[in-house]
Amino acid sequence: MALVPEDGTGLAAANCYIDESELDAYALLRNIDLSAYSTQQKEAAIFISANDFIDALHCYKGVKIDEGQGMALYTDVVTFDIASKDIKNANACTAILQLQGLLFVQTSVADKDGEIKSQQDKLDVLETKVE
């Protein structure tokens, strides 16, 4: 898959907000090692985070610059100059979470400590039970 980052002109072919080099630069500044991931894995994570998380779950003020543009940003109200740093950082951050398997967590079977087998807490007459 070829990544085509949005450049603020409303590209019809755009399918993300950053490319692999921007992901690597973001990770390097935060001391996050991505060397275990292939180009294909990183590109898939960038694509998933941009399309299945950022654009799918967020609404933006205004209307698209061009109705045929590939990505939800940029709009007539939210310009490339205003939002590019934030949206690119969001795409990089969520791509890293996707690579780590943390972007879409099934909360019914896992929490921050892993899978929940059984948990029971009792304090005096108050009792909670999680399974």
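Here is a short chat about a predicted model of a protein chain.

Student: Let's start with the layout. What pattern does the chain follow, read along the sequence?

Tutor: Start by counting the pieces: the chain has three helices and four strands. Put in sequence order, they give the pattern α-α-α-β-β-β-β.

Student: How much of the chain do buried residues make up?

Tutor: Buried here means under 20% relative accessible area. The chain has 131 residues, and the buried share of them is 30%.

Student: Which element gives the most to the largest nonpolar core?

Tutor: That core has 24 residues, and Tyr 17, Leu 23, Ile 46 and Leu 73 are the ones with the most contacts inside it. The elements giving two or more residues are α1 (20-29), α2 (39-57) and α3 (80-99). With six residues, the top contributor is α3.

Student: Leu 23 came up there. Which residues is Leu 23 in contact with, leaving aside its neighbours within four places in sequence?

Tutor: Some of its partners are familiar: Ile 46, for one, also ranks among the residues with the most contacts inside the core. The full set of contacts for Leu 23, neighbours aside, is Ile 18, Leu 34, Lys 42, Ile 46, Ala 92, Ala 95, Ile 96 and Leu 99.

Student: Are α1 and α2 roughly parallel or roughly perpendicular to each other?

Tutor: Two packed helices are described by the angle between their axes and the distance between the axes. For α1 and α2 the angle is about 90°, and the axes lie 10 Å apart. Angles of 65 to 115 degrees count as roughly perpendicular. The two helices are therefore roughly perpendicular.

Student: And how many charged residues are in the contact of α1 with α2?

Tutor: On the α1 side you'll find Glu 20, Leu 23 and Asp 24, which meet Thr 39, Lys 42, Glu 43 and Ile 46 of α2. Sorted by type, that contact has two nonpolar residues, one polar, and, for charged, four.

Student: Why do the buried residues of α1 line one face of the helix?

Tutor: The buried ones in α1 are Glu 20, Leu 23, Tyr 26 and Ala 27, and they pack against α2 and α3. The face turned away from that buried side carries two exposed residues, Leu 28 and Leu 29. Looking down the axis of α1, the buried residues line one face because they fall within an arc of 125°.

Student: Last one: which residue just after α1 takes a positive phi?

Tutor: α1 covers 20-29, so look just past the end of that helix. There, with a phi of about 55°, sits Asn 31.

Conventions. Residues are numbered from 1 along each chain as its sequence is written. This is a predicted model: local features need pLDDT of at least 70, side-chain atom pairs count only at pLDDT 80 or more; totals for chains, interfaces and linings use all residues. Side-chain values use heavy atoms; hydrogens and water are left out. A nonpolar core is a set of buried Ala, Val, Leu, Ile, Met, Phe, Trp, Tyr and Cys residues joined through side-chain atoms within 4.5 Å. Buried means under 20% relative accessible area, exposed over 50%, partly exposed in between (1.4 Å probe, protein chains only). Contact means heavy atoms within 4.5 Å. Axes are lines fitted to C-alpha atoms, for helices over the stretch in contact, and angles run from 0 to 180 degrees between N-to-C directions. Angles under 35 degrees count as roughly parallel, over 145 as roughly antiparallel, 65 to 115 as roughly perpendicular and the rest as oblique. Ala, Val, Leu, Ile, Met, Phe, Trp, Tyr, Cys and Pro count as nonpolar, Asp, Glu, Lys and Arg as charged, and the others, Gly among them, as polar. The arc is that of the directions from the helix axis to the C-beta atoms.
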